[in-house]
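Colleague: I have not looked at this one before. Can you walk me through it?

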2 protein chains.
Amino acid sequence: MISFDGFVLEDNVPIYLQIIGYVKRGIVAGSILDGDEMPSRRMLSAMLGVNPNTVQKSYAWLEEQGLVQSRTGAKSCVRVGRDTIPALRQELLGHSLKTMVEAMKQMGMTREEAQAAIASFWEVEE
Amino acid sequence: MISFDGFVLEDNVPIYLQIIGYVKRGIVAGSILDGDEMPSRRMLSAMLGVNPNTVQKSYAWLEEQGLVQSRTGAKSCVRVGRDTIPALRQELLGHSLKTMVEAMKQMGMTREEAQAAIASFWEVEE
DNA sequence: GGAACTGTATCACTGCTATAATACAGTTAC
DNA sequence: GTAACTGTATTATAGCAGTGATACAGTTCC
């Protein structure tokens, strides 16, 4: 079952979007596989300390995207199709990079400075 | 006067935070200088197509941080102190990088892949 | 001095996020 | 079959973000 280890709540971003993002990034990374069981809504809400309705909202959204399949009474599970990963990768990376690069450019950073910053920060977090 | 050229509204982020971020990044980049005049609340709200109260909220917040000085009746202007820029640079870069690097790592990317992605994206946006 | 600007303040309203408490229906496992 | 889980649905509440309209006080400039 998906553990949600290392999941930390962030400010200024809706919780349901953070949950959706966590699952999407996990699928891209291969740590979440097709057929994997999601925690139940109630269990995840207890794990994260948020309301069950908030979790339900993110699950419903993931189901609309075809990434999760639910049956009343049974556990929900992940659905990863043939072209799911490339599409998600493009979506996630594109958005992150766009935000990031635009911010760095507006701060007056060069491409070399940006890469150096990434490199040094990468070590610190390791 | 600060032009707010190239400012584009983004989804899922409060507008007043986007305005604050734009000013902060401009100060770090040196495109916004000590003493520069801010557009009036009404003028900027018209330029961005948002409500004057939303702009007022961001200006009030910038004033609390000591980055903007306002006098009733006169134009507000930017205040950049001796250690403002390093502090802002640290704040902005740290937050952006943290979010970005964590997302990339969770997606299973290596440091080399991350830097390559930055590099290729940088060109596209140029 | 007066017109046109500036900042400041207040009220009401909508929509979204999140919480809270239930209720009902279907499944899984013993 | 029954208990304990699952998903689903409903209603109510609170707070924040954002819009809209309006009013008042101080400035700048002719």
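Modeller: What follows goes through the two DNA strands and then two helix pairs.

Colleague: What should I know before reading the values?

Modeller: This is a predicted model, in which local features need pLDDT of at least 70, side-chain atom pairs count only at pLDDT 80 or more, and totals for chains, interfaces and linings use all residues. Residues are numbered from 1 along each chain as its sequence is written, chains are lettered from A and ligands numbered from 1 in the order in which they are written, and side-chain values use heavy atoms, with hydrogens and water left out.

Colleague: Start with DNA strand C. How many residues surround it?

Modeller: DNA strand C is surrounded by 25 residues, and the closest are Ile15(A), Asn53(A), Lys57(A), Arg41(B) and Arg42(B). A residue is near a strand if one of its heavy atoms lies within 4 Å of it. Sugar and phosphate make up 64% of the atoms of DNA strand C that come within 4 Å of the protein.

Colleague: Which class counts do those residues give?

Modeller: The surface near DNA strand C divides into 7 nonpolar, 11 polar and 7 charged residues. Nonpolar covers Ala, Val, Leu, Ile, Met, Phe, Trp, Tyr, Cys and Pro, charged covers Asp, Glu, Lys and Arg, and the others, Gly among them, count as polar.

Colleague: What does Asn53(A) touch on DNA strand C?

Modeller: A side-chain N or O atom of Asn53(A) is 2.5 Å from a base nitrogen of DNA strand C. Phosphate oxygens of the strand lie 2.8 Å from a polar side-chain atom of Tyr16(A) and 3.3 Å from one of Ser40(B). The elements giving two or more residues to this surface are α1 (15-29) and α3 (52-64) of chain A, together with α2 (41-48) of chain B. Helices here are DSSP runs (H or I, at least four residues), numbered from the N terminus.

Colleague: And DNA strand D, which residues are closest?

Modeller: The closest to DNA strand D are Arg41(A), Arg42(A), Ile15(B), Asn53(B) and Lys57(B), out of 26 residues that surround the strand. Of the strand's atoms within 4 Å of the protein, 62% belong to sugar or phosphate and the rest to bases. The class counts are 7 nonpolar, 11 polar and 8 charged.

Colleague: What does Arg42(A) sit beside on that strand?

Modeller: An N or O atom in the side chain of Arg42(A) is 2.8 Å from a base oxygen of DNA strand D. Phosphate oxygens are 3.0 Å from a side-chain N or O atom of Tyr16(B) and 2.9 Å from a polar side-chain atom of Thr54(B).

Colleague: Switching topic: at what angle do the two α5 helices cross?

Modeller: The axes of α5(A) and α5(B), residues 111-124 in each chain, cross at roughly 160° and come within 10 Å. The pair is therefore roughly antiparallel, a word used for angles over 145 degrees. Axes are lines fitted to C-alpha atoms, for helices over the stretch in contact, with angles from 0 to 180 degrees between N-to-C directions.

Colleague: Which residues meet there?

Modeller: Among them are Ile118(A) and Trp122(A) on one helix, and Ile118(B) and Trp122(B) on the other. Contact means heavy atoms within 4.5 Å. The contact of α5(A) with α5(B) has 8 nonpolar, 2 polar and 4 charged residues.

Colleague: How do α2(B) and α3(B) cross?

Modeller: Their axes cross at roughly 120° and come within 8 Å. Arg41(B), Leu44(B) and Ser45(B) in α2(B) meet Pro52(B), Val55(B), Gln56(B) and Tyr59(B) in α3(B).

How values were computed
Angles under 35 degrees count as roughly parallel, over 145 as roughly antiparallel, 65 to 115 as roughly perpendicular and the rest as oblique. A polar contact is a pair of N or O atoms within 3.5 Å; within protein, one must be able to donate a hydrogen and the other to accept it, and residues adjacent in sequence count only if both atoms are side-chain atoms.
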